[in-house]
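Thanks, everyone. I'll keep this brief. Please look at the screen.

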Amino acid sequence: MARRALTLPILKRLSGSPATARLLRPTQPARTVTYMPRPGDGAPRAVTLIPGDGIGPLVTNAVEQVMSAMHAPVYFESYEVHGDLKRVPEEVIESIRKNKVCLKGGLRTPVGGGVSSLNVQLRKELDLYASLVNCFNLPGLPTRHEGVDIVVIRENTEGEYSGLEHEVVPGVVESLKVITKFCSERIAKYAFEYAYLNNRKKVTAVHKANIMKLADGLFLESCREVATKYPSIKYNEIIVDNCCMQLVSKPEQFDVMVTPNLYGNLVANTAAGIAGGTGVMPGGNVGADTAVFEQGASAGNVGNEKIVEQKKANPVALLLSSAMMLRHLQFPSFADRLETAVKRVISEGKVRTKDLGGYSTTQEVVDAVIANLD
């Protein structure tokens, strides 16, 4: 015991030295078998860019700088879109359909007032039926829980977000929750397919079928049917209120979670907060033909005026989302380089924005990431 006690101060001193920091910092995974591209795979790809509101222009510009420094085979077609518009401009929709990939900052949604969310409009217009948020511990970023690596897959087009509301009589409003077999089945298929392709071991369906027996019952029925086709993947179910309690007490028990629309938003933001904060969690929305990548958790994706004025927005979430985008575009080595560089900056702990306990600006984080690119 005495010998062990003596080694701890030595390890602490050593870990502070630059040489040891280089040895301990995350490195790119060793590849023993190469990636063989198809002819033409290196051709630059156009990506629709929506800087958005609030911190959006800051963090999307951070991605542009890092992509340029890496000489990544992508170029951006930028469009000015803001959350107070009544509709997403048609030329933006057409650009995303043409390019099939979009990177976006947050779009501010007015509270009340009858103005619909442009984020929801985009998902419906492009049928981006699956939202994916990856919530995981980053080495070097202390959190209350360790071993967290959760993927929340959320149905993105119906449920409480259907937008079917009306005033029955003055003072009485009816809001309809729509659940269909078609949408429930395809989100369940996507969740199990994701688990299968990413060597995940378990899929958990989140529901409230004890109360909403028909709507959430249909969702569960669909999940159960799909689960039978993937016998190698464990399947279980959890009521949403118990799920929230389990998330904050023992999050490491969860792997892939599949949810209806509203529950998924709540679960993803909770899981992001547990794993390190919404400023570091990547995500995206995908359909059969197109994909839109953005900060994974919606909380804080627009920020506040003070952060914008001080230019201290955290770009990590969108940088990691852009690494997801590069993998989606089949540029795996660029994705690996970007992800590794971001993780090195977090692990070293010298450059962090306020939400991670530091004082750095967005540009200082960008410069640190570029300096760590291999």
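First, the term I need: a contact here means heavy atoms within 4.5 Å. And a reminder that this is a predicted model.

Start with Tyr35. Leaving out residues up to four places away in sequence, Tyr35 touches Asp41, Gln330 and Pro332. One of those partners also gives a polar contact. The Tyr35 side chain comes to 3.2 Å from the backbone oxygen of Gln330.

Where does Tyr35 sit? Find the loop between α2 (18–24) and β1 (45–50); Tyr35 is in there. Is Tyr35 buried or exposed? Neither label fits. Its relative accessible area is 39%, and partly exposed covers the range between 20% and 50%. So Tyr35 counts as partly exposed.

Now a distance for orientation. Take Tyr35 and Asn261. In sequence they are 226 residues apart. In space, C-alpha to C-alpha, they are 36 Å apart.

Next topic: backbone angles. Which phi value does His71 have? It is near 60 degrees, so to speak on the positive side, in a residue other than glycine. His71 lies in the loop that runs between α3 (56–70) and β2 (74–78). Its relative accessible area is 66%. Exposed means over 50%, so His71 is exposed.

Asp127 also has a positive phi, about 50 degrees, although it is not a glycine. Look for Asp127 in the loop between α5 (118–125) and β4 (130–136). With a relative accessible area of 32%, Asp127 is partly exposed.

That's my set. Over to you.

Conventions:
Residues are numbered from 1 along each chain as its sequence is written. This is a predicted model: local features need pLDDT of at least 70, side-chain atom pairs count only at pLDDT 80 or more; totals for chains, interfaces and linings use all residues. Side-chain values use heavy atoms; hydrogens and water are left out. Helices (H or I, at least four residues) and strands (E, at least two) are DSSP runs, numbered from the N terminus. Buried means under 20% relative accessible area, exposed over 50%, partly exposed in between (1.4 Å probe, protein chains only). A polar contact is a pair of N or O atoms within 3.5 Å; within protein, one must be able to donate a hydrogen and the other to accept it, and residues adjacent in sequence count only if both atoms are side-chain atoms.
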